[in-house]
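This report describes the fold, the nonpolar cores and selected loop positions of one protein chain. The sequence and the structure are shown first.

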Amino acid sequence: MSPSLPLKSSEATKNEFENDLIEYLQKYGTPLKEWVELLQLFDFSACKALIIGSVPGYHIGGSLKKWGHKRVSDVLRRVDASENIKETIIMQFSSVGSIDEKWLIDEFGKSLMECKNRVKSKYPKFSMIYPTVENVRTCLEGWEGGNSLPFINKTYLKQQWMKKYMHKWKSAEAKRARAMPHIKSYTRLSEETGKISWFILTSANLSKAAWGTMQKIKTRSPQLMIRSYELGVLVFPELYETGNGQSYSIQNLIPDN
């Protein structure tokens, strides 16, 4: 978490986090104009994260890599994955849209697999985390806890292929196993070493509406179609480096949780 942000000094300059956040908020138009003007008074230089946003529309040209999963792909080209070690990309969400395995692996998954050292990194496996019926039945709210998990049975029955990727919700170490999650997170980690290559916390569930789907791929003007506004942040170790030669890592300290 960043410290409380100070007001900008006369010498302060904008950074990538601020630029991307303001550009995202401006997409809402007049309703958020006052908030945009207020936020521009603050110094965001202490924010060690990158904005991952989605904006409804058809995105082409220079806008193609600004939003949705194409934004993730573009950012991850700066990130080193573990070399010669099997890694897992974990997707944790509270709702599932109408998706197919081709989109999950060949489009969305392809963006999540991107990294700076792709030639030396191994092909990761994919895992999804979602509460089971038993998780909901025994949760703190009882069956009411399922209200935050809109994964309708009709969608589930149409997407049986998801079973091979699914894992139950578990949070024993944080004592939240009985609290049904409404957060959405995505990460790439090594189950062998516990090293986390990157981590995303976002409002975006696992859906084409949230992350986008590519259209007109074989033309000169491919486009990314997104249906909803989403906002999240992505962190990775290199963001914390200051140029003094010191390296950083993000570690999963509770691999069995």
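Contact here means heavy atoms within 4.5 Å. On that basis, residues 24 or more positions apart account for 74% of the contacts in the protein with a separation of 6 or more.

The model is predicted, so local features need pLDDT of at least 70 and side-chain atom pairs count only at pLDDT 80 or more, whereas totals for chains, interfaces and linings use all residues. Residues are numbered from 1 along each chain as its sequence is written, and side-chain values use heavy atoms, with hydrogens and water left out.

## Overall dimensions and surface

The radius of gyration is taken over C-alpha atoms, and the globule rule is 2.2 Å times the number of residues to the power 0.38. For 257 residues a compact globule would have a radius of gyration near 18 Å, and the value of 19 Å for the protein agrees with this. The C-alpha trace spans about 55 × 45 × 40 Å along its principal axes.

Accessible areas come from the Shrake-Rupley method with a 1.4 Å probe, and for residues only the protein chains shown count as cover. The protein exposes about 14400 Å², of which carbon and sulfur atoms supply 54%. A residue is called buried under 20% relative accessible area, exposed over 50%, and partly exposed in between (1.4 Å probe, protein chains only). Of the 257 residues, 45% count as buried.

Charge is assigned by residue type: Lys and Arg count as positive and Asp and Glu as negative, while His and the chain ends are not counted. The place of a charge is NZ of Lys, CZ of Arg, CG of Asp or CD of Glu. The protein has 37 positive and 27 negative side chains, and the centres of the two sets lie 7 Å apart.

## Secondary structure

Helices (H or I, at least four residues) and strands (E, at least two) are DSSP runs numbered from the N terminus. The protein has seven helices and 11 strands.

Helix 1 covers residues 16-26, and its buried residues are Phe-17, Glu-18, Asp-20, Leu-21, Ile-22, Tyr-24 and Leu-25. These buried residues pack against helix 2 (33-39), strand 1 (50-54), helix 3 (68-76) and strand 10 (230-235).

Helix 3 is largely enclosed by the rest of the structure, because seven of its nine residues are buried. The buried residues of helix 3 are Gly-68, His-69, Arg-71, Val-72, Ser-73, Val-75 and Leu-76.

## Nonpolar cores

In soluble globular proteins, nonpolar side chains tend to be buried together. A nonpolar core is a set of buried Ala, Val, Leu, Ile, Met, Phe, Trp, Tyr and Cys residues joined through side-chain atoms within 4.5 Å.

The largest such core has 39 residues, and those with the most contacts inside it are Met-91, Leu-104, Phe-108, Tyr-186, Trp-198, Leu-206 and Trp-211. At least two residues of this core come from each of strand 1, helix 3, strand 3 (88-92), helix 4 (101-113), strand 4 (125-129), strand 7 (195-202) and helix 7 (208-211). Helix 4 gives the most to this core, with six residues. A second, separate core of 17 residues includes Leu-21, Tyr-24, Phe-44 and Met-214.

Not counting residues up to four places away in sequence, Tyr-186 touches several residues, including Met-91, Phe-108, Trp-198, Asn-205, Leu-206 and Trp-211.

## Selected loop positions

The following table lists loop residues with their relative accessible areas.

| Residue | Loop between | Relative accessible area |
|---|---|---|
| Asn-84 | helix 3 and strand 3 | 57%, exposed |
| Ser-94 | strand 3 and helix 4 | 0%, buried |
| Ala-177 | strand 5 (166-167) and strand 6 (184-189) | 31%, partly exposed |
| Asn-205 | strand 7 and helix 7 | 15%, buried |
| Lys-216 | strand 8 (213-215) and strand 9 (223-226) | 52%, exposed |

Asn-84 has a positive phi of about 60° although it is not a glycine. Phi of Lys-216 is also positive, near 50°, in a residue other than glycine.

Leaving aside neighbours within four places in sequence, Ser-94 is in contact with residues including Tyr-130, Ser-148, His-182 and Asn-205. With such neighbours again set aside, Asn-205 is in contact with Phe-93, Ser-94, Ser-95, Lys-184, Tyr-186, Ala-210 and Trp-211.

Beyond four places in sequence, Ala-177 is in contact with Trp-169, Ser-171 and Ala-172. Ala-177 and Pro-131 are 46 residues apart in sequence and 9.6 Å apart in space, C-alpha to C-alpha.
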